[in-house]
Amino acid sequence: MLVIFGTKVIGKTLRSGTFVCPRCNMERTYLLKQNKKYFSVFFIPLIPLNNVGDTLECTFCKTAYVPNASFLGNTYTSSTADIDSLSKPLAAVGKRLGAYIIDMIFLIILNFPLAFVVKYLPDLFHNKFYLVFFPVWVIYFFIMELFFKGTIGKKLLAIQTVSDDDEKPITAVRYLLRGFVKAIPLINVVLLFNDKHKGFHDFVAGTIVVEK
Ligand SMILES: [Zn+2]
């Protein structure tokens, strides 16, 4: 199979210095690298996505270590510090997409009885069916997240929405805003481009999605 699209990790050197390489067992030069994932086409990195963790590389034996205080002292803060400190791991992007697709299948099936109901509504709704189903989608996301702590798709894939700030629980208003933005198609691709994988709906609601 010809692979056209993919991802590629590229390391950018943040700084260099010397350390005692555990493998060489002597003082060597290191390169501290910030690794970023790129969306690539024909192996050419085109669009920067999220940071995937730093590495400290011995320039002699090429061994890559996880940078820490024993190598670098207290002068180092990881590029992914804000995700490393989370109490539960972020939900994989594939799982979130899967949950979204499951929910959309459910909502599209729900359109059939709605189409029947529309016949009994004023003429305006006949030509503008989205005026009927869009609010239903928003209400679905809102009610499921608020009362059941997750949509059907999220439940099936064992992921959940939590507040990005542990101090501030998610209010009903934030869930409602989140549902509204989430119902707008395609807008949430933005989640691929930031470390916490926040979709546009996560930014407006101050939420992140994590594994259960
Ligand atoms: Zn070495």
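In what order do the four strands of the open sheet lie, and is their pairing parallel or antiparallel? In this predicted model, the sheet is open and is built from four strands in the order β1-β2-β3-β4, with antiparallel pairing. The edge positions are taken by β1 (5-21) and β4 (64-65), each of which has a single partner strand, so one side of each is left without a neighbour in the sheet.

The pairing can be followed strand by strand. Between β1 and β2 (residues 26-41), the antiparallel pairing extends over 16 bridges, and V20 has E27 in β2 as its bridge partner. Four residues lie between these two strands in their hairpin, where N25 adopts a positive phi near 60°. The antiparallel pairing of β2 with β3 extends over ten bridges; along it, K36 stands opposite N51 in β3, and S40 stands opposite P45 in β3. The hairpin formed by β2 and β3 has two residues between the strands, and F42, in the turn, has a positive phi of about 50°. Between β3 and β4 the pairing is again antiparallel and comprises two bridges, with E57 placed opposite A64 in β4 and L56 opposite Y65 in β4. Five residues separate the strands of the β3 and β4 hairpin, in which K62 takes a positive phi near 70°.

Within this sheet, N51 was examined individually. N51 belongs to strand β3, which spans residues 44-58, and it counts as partly exposed because 19 C-beta neighbours lie inside 10 Å, whereas a residue is classed as buried at 20 or more. When neighbours within four places in sequence are left aside, the contacts of N51 are Q34, N35, K36, S79, T80 and D195. One of these, K36, is also the residue that stands opposite N51 in the pairing of β2 and β3. For S79, which is 28 residues from N51 along the chain, the separation of the two C-alpha atoms is 7.1 Å.

According to the domain assignment, the chain is divided into domain 1 (5-79) and domain 2 (93-211). The centres of domain 1 and domain 2, taken over C-alpha atoms, are separated by 37 Å.

Attention then turns to helix α7 and its surroundings. In α7 (residues 172-182), the residues Y175, R178, G179 and K182 are buried. Viewed down the axis of α7, these buried residues fall within an arc of 100°, so they line one face of the helix. The elements against which the buried residues of α7 pack are two helices, α5 (130-148) and α8 (200-205), together with strand β6 (207-211).

Nonpolar clustering was considered next. In soluble globular proteins, nonpolar side chains tend to be buried together. In the present model, the largest nonpolar core consists of six residues, namely A91, A99, L157, I159, I208 and V209. A second and separate core has five residues, among them W137, Y140, F141 and A183. Within the largest core, A99 touches L157 and I159, and the contacts of A99 also include T151, G153 and K154, residues up to four places away in sequence not being counted.

Two loop residues carry positive phi values without being glycine. For A158, phi is about 55°, and the residue lies in the loop between α6 (152-156) and β5 (159-163). A158 counts as exposed because it has 12 C-beta neighbours inside 10 Å. For L186, phi is near 70°, and the residue is placed in the loop between α7 and α8. L186 is likewise exposed, since 7 other C-beta atoms lie within 10 Å.

Technical notes
Residues are numbered from 1 along each chain as its sequence is written. This is a predicted model: local features need pLDDT of at least 70, side-chain atom pairs count only at pLDDT 80 or more; totals for chains, interfaces and linings use all residues. Two residues are in contact if their C-beta atoms, placed from the backbone, lie within 7 Å. The arc is that of the directions from the helix axis to the C-beta atoms. A nonpolar core is a set of buried Ala, Val, Leu, Ile, Met, Phe, Trp, Tyr and Cys residues joined through C-beta atoms within 7 Å. Domain bounds come from an automatic or database domain assignment. Two strands pair if DSSP finds at least two bridges between them.
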